[in-house]
Amino acid sequence: MASCDGIQIPSHLPLLLTHEGVLLPGSTVRFSVDSPRNMHLVSQRLLRGTSLKSTIIGVIPNTRDPEHDTYDLPPLHKIGTAGIAVQVVGSNWPKPHFTLLITGLCRFSVSSLLKERPFVLAELLGMLDMSVPVVAKFRRLLDSLPRETLPDVVASMIRTSNKEKLQVLDAVSLENRFKTALSMLTRQIEGLNLLQKTRKKSPDNEKRVLSVRKGGVFPGRQFNVDEEDEDDGDDTSVLERKIHAANMPEAALKVCLKELKRLKKMPQSMPESALTRNYLDLMVELPWSKNTKDCLDIRSARTLLDNDHYAMEKLKRRVLEYLAVRQLKSSLKGPILCFVGPPGVGKTSVGRSIARTLGREFHRIALGGVCDQSDIRGHRRTYVGSMPGRIINGLKTVGVNNPVFLLDEVDKLGKSLQGDPAAALLEVLDPEQNHSFTDHYLNVAFDLSQVLFIATANTTATIPPALLDRMEVLQVPGYTQEEKVEIAHRHLIPNQLEQHGLTPQQLHLPQDTTQAIISRYTREAGVRSLERKIGAICRAVAVKVAEGHRVAKTEAPVSEGPLEQGDKAAAPPEMPIVIDHIALKDILGPPLFEMEVSERFILPGVALGLAWTPLGGEIMFVEASRMEGEGQLTLTGQLGDVMKESAHLAISWLRANAKTYQLTNMVGGPDPLEGTDIHLHFPAGAVTKDGPSAGVTIVTCLASLFSGRLVRSDVAMTGEITLRGLVLPVGGIKDKVLAAYRAGVKRVILPQRNEKDLEELPANVRADLDFVTAANLDEVLNAAFDGGFPGTDRAHTPPQLTSKL
């Protein structure tokens, strides 16, 4: 057994076969171990050992890739290095492997191999030199090391290839070792001097590239001459100056300085070095104290909002209120606004306009389908590939700490095994907590109180109550036909003309054509389909214009004199091209929606209801038929449990009041269901339907069926019913009324307690519709049939109409 500076080296030593990297005496190198032989050495020798002797192994270069480790032992280098394994780290990603941190002690030569499996065990011929482990500080190292160890330490610290390190390893003679190491060191110093001179000659940071070929400073690598500004490498002093200049809070500064201290002590070859550097780079790039000054001119803001968006008065009024309060009190915390409405009504574009109005940066975060809480809070830095969440990353992108953040589609957040992102948003959207929001990646608090958060959603039904409680909900209903016409001519048509390279002198859409597109080709709450139809018209006109220009350029010069009658097809079209109803049908095809409401009321047992969907309000037909049977009720149309209960409530109420309303069965008996089967159907069977607001419609439909009388074809209704015949209020009144208005309905029956909701309707809608507010089903039936309904208190008398407001 030999001694190396007081450390006893066994005569029989297990060998670690390395394919990449060379361990020199006095140096500390990290090796990745994943071959079978090396894995057995770690598990059976290093992990099971309990003494210093068990941590001493031999490291010897291997000429074969360990991934192709076979049963036969590959050729080994003749000289190796005995070392101490000071750290062993195991991991299963991306495959099982160990990472060893080994400090070289001294050289050895192999006398013979005692065994090859499960790991290599060798008998040593002798120790060829002595060394001591490298210490942390280089100056202290040079002062403390013996003279014969200096070549090994120098060769391990400078950038050299493995082939050159093998030359140092093989140099047993001290004189040869000094010659080899000094030539490498001289080359390194000359290369660095040359790189420094080149940088000094480029004060304007010209993009010149210094290519150092084999034998230069860094073989096989290229450096940009202004790389000192682009990438500081291991120059931690520049990074330290950036940390102090970032003007971050005391807690964040303390964490950064601590990480910087660790980075200075850490070898660049360690993977954690790059992770720490990335973390510090992010910390200095975050806008801890950078902000933009709000533009608080209320008049200019009002003008900008009116120019960008037509209608939406309630929404614009709330924005102006925020600006006014902000002007009076600058320390106002950013409110959390949530725009709820159907698609295509301009929720996202309003957010952009608010940012423009305030003069702030705008950033949109799409939350649709997000099901991992790490997307909001970030990953902890212990994970491979960790990164900050979308909130912190958005702040880094905009570069200020008071932007406008649009959290788009907040109602479509998912939930998975990785956590609940909606729960992670609770701290972000709470004005009392977000001043100290902590991202898992940063692990320090960041102040979000100056950020103006705007969320958008199609419905509040899928938003968790705790999250909904933190936001101020602003309903954004659909547009009326008149509002769509104004939006089309103010915004959509000019935008589509510009996108398709057309001008108003080439294409003209009259207002009656726009109204025809809205009523006969689109049936939506927003304007997206309308914009697509206008785009289709622009494309068709673009073809005509392009053909006209082509003919004018190629054929017009050939013709002399006026065109003959047969040449009219070759002439360019007259400008502008006016789109009338004939051209509209040629371009868009037959109308998609016809006013079929009156055609459905040709037989008793049909009523028109109003429904609310995330896409806006919709009209909904209810049909009923009866046949001889045993009193069974059949429901079809993909109905939910609540709507099925409404149907059973309607049947029970009509049976209980059959004598009052003179309802009989098919054979004239007092029970409407005696000897009769009822089939109740809700068309559009592919669409799932649920909710209590169809109760009054089902009662009216069945009353029409049992009485044999037709319901008025211009009446639509909504409301929940009770077993005692009361009509309860429902939601979505504005969207439902607008759907009735689009369908050409003239009278709308609503619950009496929903009368207050009519104030939100546009004035033209209130003027064109008759509203009947009913407190009970008696009033509903009286208003739904011409001349009232038999048995009601107001039969054969006109129903009491609500004022048109």
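Two strands count as paired if DSSP finds at least two bridges between them. With that in hand, here's a quick tour of two spots in this predicted model: a parallel sheet of five strands, and a helix, α25, that is mostly covered.

**The sheet**
- Five strands line up as β12-β13-β16-β11-β17, making an open sheet with parallel pairing.
- At the edges sit β12 (362-366) and β17 (472-475), each of which pairs on one side only.
- On average, neighbouring strands here are turned by 20° against each other, ignoring direction.

**A closer look at β13 and β16**
- Strand β13 covers residues 404-408 and strand β16 covers residues 452-457.
- These two run in the parallel sense and are joined over four bridges, comfortably meeting the cut-off of at least two.
- One pairing to look for is Leu406, whose bridge partner in β16 is Ile454.

**Helices lying across the sheet**
- Helix α11 (residues 313-328) lies across β11 (336-340), β16 and β17, and its direction makes an angle of about 145° with β17.
- Over β12 and β13 you'll find helix α14 (residues 390-398), which runs at about 150° to β12.

**Helix α25**
- Now jump along the chain to α25, residues 777-784, where seven of the eight residues are buried.
- The buried ones are Leu777, Asp778, Val780, Leu781, Asn782, Ala783 and Ala784.
- Asn776 caps the N-terminal end of this helix, with a side-chain oxygen 3.1 Å from the backbone nitrogen of Asp778.

Key: Residues are numbered from 1 along each chain as its sequence is written. This is a predicted model: local features need pLDDT of at least 70, side-chain atom pairs count only at pLDDT 80 or more; totals for chains, interfaces and linings use all residues. Side-chain values use heavy atoms; hydrogens and water are left out. Buried means under 20% relative accessible area, exposed over 50%, partly exposed in between (1.4 Å probe, protein chains only). A polar contact is a pair of N or O atoms within 3.5 Å; within protein, one must be able to donate a hydrogen and the other to accept it, and residues adjacent in sequence count only if both atoms are side-chain atoms. Axes are lines fitted to C-alpha atoms, for helices over the stretch in contact, and angles run from 0 to 180 degrees between N-to-C directions. Contact means heavy atoms within 4.5 Å.
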